[in-house]
Every structure is written in structure tokens, then in C-alpha cells.
Amino acid sequence: MGIFKVLGNLFEGDNETESVLNWKAISAREEIENILAVSNEKPQVLYKHSTRCATSYFALKSLQNISDAKREKAEFYMIDVISQRELSFYIADKLGIRHESPQLIILNKGEVTWHGSHQLVQADSLHSNL
């Protein structure tokens with residue numbers, strides 16, 4: 001297998017990782033409104049992911065280490081910033097935070113309670129802030 005094929009496989013979506021965390025894909029603005037409403041009852045976690053970025057790949061791998069207790073405490077959503085670019089910018093505008101990728105956003109009671117990007121997107125950050 002050629003090096004470009006290996007690299008391509010490395011940065012493409014990782015279905016195993018997504019299924020481990022039960023990430024729900026977001027594809028419409030209405031879903032964001034619903035997530036904000038549901039955050040009044042249970043914390044919501046948004047993860048902005050790029051399938052073309054090494055930092056996003058490693059961030060997603062780190063998020064595999066979220067404890068079972070934290071997985072049960074919140075609902076987890078993923079936005080593909082490549083295929084859902086407009087939605088990703090809408091989220092940034094709606095929540096009043098700068099668009100970045102990778103980016104982790106925690107919502108509680110309709111508000112952003114924590115957000116971080118790049119190297120801050122890891123299981124430890126989620127454990128500390130959820």
C-alpha cells in the first residue's frame with residue numbers, strides 16, 4: 001500500500017471511534033436549536049471535526065478515552081466541518097464563539113460552559129469541564 005493511501009486512510013472518518021462514543025451527526029440548523037433546548041435538562045457536547053486535519057484525527061482518538069460516567073452524563077454530537085461548513089459557521093455565530101477545528105463545545109442550560117480547540121480537544125479537558 002502506498003504512503004498516500006495510508007495517509008488517506010489515517011485522516012478519513014473513523015467509524016470505530018464514532019461508534020464507541022455514539023456521536024450523533026448534525027446536519028441542520030434546527031438540530032442546533034433542539035440541542036440548545038435539551039441542554040436545559042442534560043449537558044450537550046459538540047465536536048467540530050475535520051477529516052482532512054491531523055490535529056482533528058488525534059483529538060478524536062483522544063476522545064475515545066472519555067469515561068463511562070461522562071458518556072452517560074451528556075449527549076455527544078459531531079459536525080463535519082468539511083461537508084457542513086455553513087452549519088459549522090452558523091454554530092459559531094449562534095453561540096458567540098470563534099469557529100475553529102477541531103473544536104469541543106460543552107453546552108449546559110442553553111449556554112456555552114466551556115469550549116476549546118486544537119490541543120485542548122482531549123478527554124482530559126472533557127473530564128475537567130463536564
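# A tour from helix α3 to the nonpolar cores

Start by selecting L36, which is in contact with K94, L95, L107 and G110 once neighbours within four places in sequence are set aside. The model on screen is a predicted one. L36 is part of helix α3. With a relative accessibility of 13%, L36 counts as buried, because the cut-off for buried is under 20%. Now add N108 to the selection: L36 and N108 are 72 residues apart in sequence, yet their C-alpha atoms are 8.0 Å apart in space.

**Helix α3**

Widen the selection to the whole of α3, residues 29-38, where the buried residues are I32, I35 and L36. Why do they lie on the same side of α3? They cover an arc of only 100° around the axis, and this puts them on the same side of the helix. To see what covers the buried residues of α3, show β2 (44-49), β3 (75-80), α6 (85-95) and β4 (103-108), which are included in the cover.

**α3 against α6**

Keep α3 and α6 and hide the rest. Two packed helices are described by the angle between their axes and by the distance between the axes. Here the axes of α3 and α6 come within 10 Å and cross at roughly 35°. The crossing of α3 and α6 is right-handed. Which residues make the contact? From α3, select R29, I32, E33 and L36; from α6, select E86, L87, Y90, I91, K94 and L95. Colour the contact of α3 with α6 by class, and it shows six nonpolar residues, four charged ones and no polar ones.

**The loop after α6**

Next, go to P102, in the loop between α6 and β4. S101 and P102 are joined by a cis peptide bond, with omega at about -5°. Both S101 and P102 are in contact with S56, so add S56 to the view; S56 belongs to helix α4, residues 54-62. Is S56 buried or exposed? At 0% relative accessibility, S56 counts as buried. Beyond its neighbours within four places in sequence, the contacts of S56 also include Y47, H49 and S50.

**The nonpolar cores**

Move from S56 to Y47. Not counting residues up to four places away in sequence, Y47 touches a list of residues that includes W23, S56, A59, L60, L63, P102 and L104. Y47 is also a member of the largest nonpolar core, which has 17 residues. Select W23, V45, Y47, L63, F76, L104 and L126: these touch the most other members of that core. The elements that give two or more residues to this core are β2, α4, β3, β4 and α7. Apart from this core lies another, of 14 residues, among them I35, Y90, I91 and I97. In soluble globular proteins, nonpolar side chains tend to be buried together.

**Two residues with positive phi**

Finish with two loops. Select K109, in the loop between β4 and β5 (111-117). K109 has a phi near 55°, a positive value in a residue other than glycine. At 55% relative accessibility, K109 counts as exposed. Then select H118, in the loop between β5 and α7 (123-129). H118 is not a glycine either, and its phi is positive, at about 50°. How exposed is H118? At 31% relative accessibility, H118 counts as partly exposed.

Conventions: Residues numbered from 1 in each chain as written. Predicted model: local features only at pLDDT ≥ 70, side-chain atom pairs only at ≥ 80, totals over all residues. Heavy atoms only, no water. Buried < 20%, exposed > 50% of the residue type's maximum accessible area, 1.4 Å probe, protein only. Helix = DSSP H or I, 4+ residues; strand = E, 2+ residues; numbered from the N terminus. Arc of directions from axis to C-beta. Contact = heavy atoms within 4.5 Å. Axes fitted to C-alpha atoms, helices over the stretch in contact; angles between N-to-C directions. Left-handed = near helix turned anticlockwise from the far one by under 90°. Nonpolar A, V, L, I, M, F, W, Y, C, P; charged D, E, K, R; others polar. Core = buried A, V, L, I, M, F, W, Y, C linked by side-chain atoms within 4.5 Å.
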